[in-house]
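Colleague: Before I use words such as "buried" or "salt bridge" for a protein, I would like to hear how each one is justified. Could we go through them together?

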Amino acid sequence: MTIRYQVPQGGTMHRGFQIEGLSDTFGTESDSRGRAIRDKQISTVRSTLDAYLSDDGSLDAKALSKAWFPAIKADVFISHSHNDEAKALRLAGWLEQHFGLNSFIDSTVWNSADALLKKIDDKYCMQENRTSYDYDKRNLSTSHVHMMLAMAITEMIDRCECLFFLNTPASITPGKTINEAKTSSPWIYAEIAISKTIQKKQLPSSRRVLEFVAMDSVSKKADGSVPLIHELDVAHLSRVSEMQLHIWAIKSCLPPKSNPLDVLYELIPVRKYTHL
């Protein structure tokens, strides 16, 4: 199996937020909207690999990635644990209903990756007995698909103006300080790391952002165990509570009218964390 790659290019994001303490009842009135957003994004996934096969039997990675991990136009990238999918869908619906903001829900690409990997494995990695996969070929196909997924996630985060991370017990285990949090999800780890390292977009002068220096920490002791965990630094993500989300919705309705994300930036200024 041969897959050809093309180096991607993209834009730049502006801000990242971690949503804390989101209740199971938040955005219930927007649940159907959120599910519609997810279904629309999933519907872009192609069902066959044949269109991306070259004459020599290799796969066109650029065309394949474009079809399976499409460049969806969105304002907000929602990063979340698989167990928090319902909350992520309601948040996406709520953002659309109250502000007209388009969200990209990261689980749509995870699901696409799993489906794509199964198709590639069935076509290229099956043993002659058709009852098991070749171990080495299976490792190679997984590397290819996960690399395409990582690049697609990077480009998507880069194009969105904001990243919203659902900080819940399902996604992150707090450490003694905010820099010692941990996650067992490799994709959450990748998304938060990407949001920290990519270049931040400067908004036009008409869209201003306030800044102040703050010290912050969390004191909950990590519990439970997982086979593999990742150190997760979320200090660059401004913390937002459910109450602040509701305040944001109220303030956005007040004159003078402005971009709803500008209202959020003023409500939740940039936090520069200092650790002793």
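Modeller: What follows is a short set of questions and answers about this predicted model.

Colleague: Why is the contact between D24 and K87 called a salt bridge?

Modeller: The closest N and O atoms of D24 and K87 are 3.6 Å apart, and a salt bridge requires a Lys or Arg side-chain nitrogen within 4 Å of an Asp or Glu carboxyl oxygen, so the pair qualifies. D24 sits in the loop between β2 and α1 while K87 belongs to helix α3, so the pair ties together parts that are 63 residues apart in sequence.

Colleague: What makes K87 buried or exposed?

Modeller: K87 has a relative accessibility of 16%, and because buried means under 20%, K87 counts as buried. Its partner D24 has a relative accessible area of 57%, and since exposed means over 50%, D24 is called exposed.

Colleague: How do you know that R35 and D31 form a salt bridge, and where do they lie?

Modeller: Their side chains meet at 3.0 Å, N to O, which is within 4 Å, and therefore the pair fits the rule. Both residues lie in helix α1, four residues apart, or about one turn of the helix.

Colleague: What makes R35 partly exposed?

Modeller: R35 has a relative accessibility of 33%, which lies between the 20% and 50% cut-offs, so the term "partly exposed" applies.

Colleague: How many salt bridges does this rule give?

Modeller: The count comes to eleven, and one of them joins D122 to K118, with the closest N and O atoms 2.7 Å apart.

Methods. Residues numbered from 1 in each chain as written. Predicted model: local features only at pLDDT ≥ 70, side-chain atom pairs only at ≥ 80, totals over all residues. Heavy atoms only, no water. Helix = DSSP H or I, 4+ residues; strand = E, 2+ residues; numbered from the N terminus. Buried < 20%, exposed > 50% of the residue type's maximum accessible area, 1.4 Å probe, protein only.
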